[in-house]
Amino acid sequence: MTENGLNSLRNCKKCGRLFSSLDGGALCSRCNDDVDDSFTRVREYIYDNPSSSVKDVSEGTAVPTEAILKWIREGKIRLSDESSITFCERCGEPSNGNRFCNKCVHELSTGLKKGIEASSEKPKTKHIGMHIKEEKK
Ligand SMILES: [Zn+2]
Ligand SMILES: [Zn+2]
């Protein structure tokens with residue numbers, strides 16, 4: 001009886017089965033195979049449908065979009081340029097081909113507007129003043 005053998009036993013995070021985790025992984029070998037399987041499925045689906053979006057791939061393979069996005073982010077999967085999957089430069093969420101996701105665009109634009117409103121008040125009155133002067137001439 002070795003202590004090490006007992007220490008590496010744990011419950012699989014996915015199926016709850018007791019297994020011996022030699023590499024410290026949280027999934028049993030069966031569930032690990034499952035992950036590999038969905039990864040292969042996603043890769044093959046993209047290969048067959050190169051211009052599909054993440055949503056299409058998710059629906060076609062029954063793999064959650066989060067998992068697909070994770071693989072894309074990790075560089076394990078590459079979608080074609082046509083589907084142009086991009087991630088927000090600010091928060092890392094999918095941004096539909098834009099530099100920032102909708103949420104950040106909204107946050108940035110409201111922040112920007114505030115800045116413009118605050119700084120545009122003074123030049124405006126100056127301009128009006130100059131304009132009146134010109135008319136008096
Ligand atoms: Zn398992
Ligand atoms: Zn964002």
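Before I turn to the structure, one definition is needed: a helix axis here is a line fitted to C-alpha atoms over the stretch in contact, and the angle between two axes runs from 0 to 180 degrees between N-to-C directions. The model I am presenting is a predicted one.

Let me begin with the overall layout. The protein chain contains five helices and two strands. Followed along the sequence, these elements come in the order α-β-β-α-α-α-α. Of the 137 residues in the protein chain, 7% are buried. As for contacts with a separation of 6 or more, 20% of those in the protein chain link residues 24 or more positions apart.

I now come to the helix packing, starting with H3 and H4. The axes of these two helices cross at roughly 125 degrees and come within 9 Å. An angle counts as oblique when it is neither under 35 degrees, nor over 145, nor from 65 to 115; H3 and H4 are therefore oblique to each other. Their crossing is right-handed. On the H3 side, the contact is made by Val54, Lys55, Val57 and Ser58, and on the H4 side by Thr65, Ile68 and Leu69. Sorted by class, the residues of this contact are four nonpolar, two polar and one charged.

The second pair is H2, residues 29–48, with H3, residues 54–61. Here the angle is about 125 degrees, and the axes lie 10 Å apart. H2 and H3 are therefore oblique to each other, and their crossing is right-handed. Helix H2 contributes Ser38, Arg41, Val42, Tyr45 and Ile46 to the contact, while H3 contributes Val57, Gly60 and Thr61. In terms of class, the contact of H2 with H3 comprises four nonpolar, three polar and one charged residues.

Which residues make up the largest nonpolar core? There are six in all: Val42, Ile46, Val54, Val57, Ile68 and Ile72. Helices H2, H3 and H4 are the elements that each give two or more residues to this core. As a general remark, nonpolar side chains in soluble globular proteins tend to be buried together.

Val42 deserves a separate word. Setting aside neighbours within four places in sequence, Val42 is in contact with Val57, Thr61, Val63, Ile68, Trp71 and Ile77. Among these partners, Val57 and Ile68 are also members of the core.

Let me turn to some individual residues, beginning with Thr40. This residue is placed in helix H2. Is Thr40 buried or exposed? A residue counts as exposed if 12 or fewer other C-beta atoms lie within 10 Å of its own; Thr40 has 11 such neighbours and is therefore exposed. Its C-alpha atom is separated by 9.8 Å from that of Thr61, although the two residues are 21 apart along the chain.

Arg30 also lies in helix H2. With 12 other C-beta atoms within 10 Å, Arg30 is exposed. Between Arg30 and Cys12 there are 9.5 Å in space, C-alpha to C-alpha, and the two are 18 residues apart in sequence.

Finally, I draw your attention to Ala62. Where is Ala62 placed? This residue belongs to the loop between H3 and helix H4, the latter spanning 65–74. Ala62 is not a glycine, yet its phi is positive, at about 65 degrees. Ala62 counts as exposed, because it has 9 C-beta neighbours inside 10 Å.

Conventions. Residues are numbered from 1 along each chain as its sequence is written. Chains are lettered from A and ligands numbered from 1 in the order in which they are written. This is a predicted model: local features need pLDDT of at least 70, side-chain atom pairs count only at pLDDT 80 or more; totals for chains, interfaces and linings use all residues. Helices (H or I, at least four residues) and strands (E, at least two) are DSSP runs, numbered from the N terminus. A crossing is left-handed if the near helix is turned anticlockwise from the far one by less than a right angle, and right-handed if clockwise. Two residues are in contact if their C-beta atoms, placed from the backbone, lie within 7 Å. Ala, Val, Leu, Ile, Met, Phe, Trp, Tyr, Cys and Pro count as nonpolar, Asp, Glu, Lys and Arg as charged, and the others, Gly among them, as polar. A residue is buried if 20 or more other C-beta atoms lie within 10 Å of its own, exposed if 12 or fewer, and partly exposed in between; C-beta atoms are placed from the backbone. A nonpolar core is a set of buried Ala, Val, Leu, Ile, Met, Phe, Trp, Tyr and Cys residues joined through C-beta atoms within 7 Å.
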